[in-house]
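Reader: I should be grateful for a close look at a single part of this structure. Please describe one helix and its surroundings.

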Amino acid sequence: MILKGDLHVHSFFSRDSNITPNDLLNAKIRKGLDFIAITDHDEFRGALKISRLLEDKVKILPGIELSAREGHIIVIGLDSEKDGRRYLKLINSSVWDILDEVLDNNHVMIIAHPLDIIRGGIGLSLLYKILKRNSPMVCVETINSASCLSPLYSRLRRTLSQRFPYVKQVGGSDAHIADEIGLAMTLVRSSGCSSLIECLLEGSTIPYGRYTNLGLRVKDVSAKIKLKLTRLSS
Ligand SMILES: [Zn+2]
Ligand SMILES: [Zn+2]
C-alpha cells in the first residue's frame, strides 16, 4: 500500500495562517492527498477540531509544531486533548524532554526544517546527536517547501541516506496559505498496518515535492501581515 500526504500544514488556529477546513478539503481533491497533518505553532486544539469536522472526508493527522528551546519540533499522532496538553507543557523545553514524551506515548517526532536555523531549525549538530539515539519514532523533514536552502537539503538527504539509512525522511509544505498545501509531500509505503501512524513507523518513506516560488512567497507574507493587523485591531 502506498499513501501520500503532507506532514506539515498550519491552519487558521495557528497565529500566522489563514487555512480553513474547506481549503484542506479542496487541496485533498486537487492534489489527491491521502492524509494531511495539521501542525499549528504551539497549539493543537484546532487540529483536533478539524480532524473531527472532516472525519469522513479527509484523513487528518492532528499534531503540533512545538517551539522547543533549541528549535521547532513537530509531534503527530495526538488523538485527544490529554495528548495535546502533554506537549503544551513542553513549550520552551529541551528537545530531549520532548523526545522522552514521544517515546513514552508512541507518538511520532518530526524534526522540522533542521537546517533553517533562522526559522527555528535545530541545526546539524543536534540533529546528528538525536539520530544517534536510533529511535524509530524520529523522522527528519528533509524537504520543507518554505525553505530557501534547497541545495543544502539535497545534500542532507544524501548524507542521511548514507549515515542513517534507517531514519525516515519526510516532506512537508509548511503551508500557511491554501495554495501551498501539498507542495511537498511524503510517500509512505507499508503493508499490514492498521493506522497511518503505524504505517509511518513500520513502513518506508520518500520525501518529494517542490519549493515555494516567488509569487507564493509574496502571497504568504501579505497574508501573514494581514493576519497580524487583524489580530492587533481586534
Ligand atoms: Zn517551523
Ligand atoms: Zn511550520
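Author: The account below concerns one helix and the core beside it. This is a predicted model, in which local features need pLDDT of at least 70, side-chain atom pairs count only at pLDDT 80 or more, and totals for chains, interfaces and linings use all residues. Residues are numbered from 1 along each chain as its sequence is written, while chains are lettered from A and ligands numbered from 1 in the order in which they are written.

Helix α4 spans residues 95–105; helices (H or I, at least four residues) and strands (E, at least two) are DSSP runs, numbered from the N terminus. Its buried residues are Val95, Ile98, Leu99 and Val102, where buried denotes 20 or more other C-beta atoms within 10 Å of the residue's own, exposed 12 or fewer, and partly exposed in between, with C-beta atoms placed from the backbone. Seen down the axis of α4, these residues fall within an arc of 100° (taken from the directions from the helix axis to the C-beta atoms), so they line one face of the helix. An α-helix has 3.6 residues a turn, so residues three or four places apart point the same way.

That buried set packs against β3, β4 (71–76), β5 (108–111) and α5 (124–131); contact requires C-beta atoms, placed from the backbone, within 7 Å. Leaving aside residues up to four places away in sequence, Met109 touches Ile98, Leu99 and Val102, among others. After α4 comes Asn106, whose phi is positive, near 55°.

In α5, Leu124 counts as partly exposed because it has 14 C-beta neighbours inside 10 Å.

Methods
Two residues are in contact if their C-beta atoms, placed from the backbone, lie within 7 Å.
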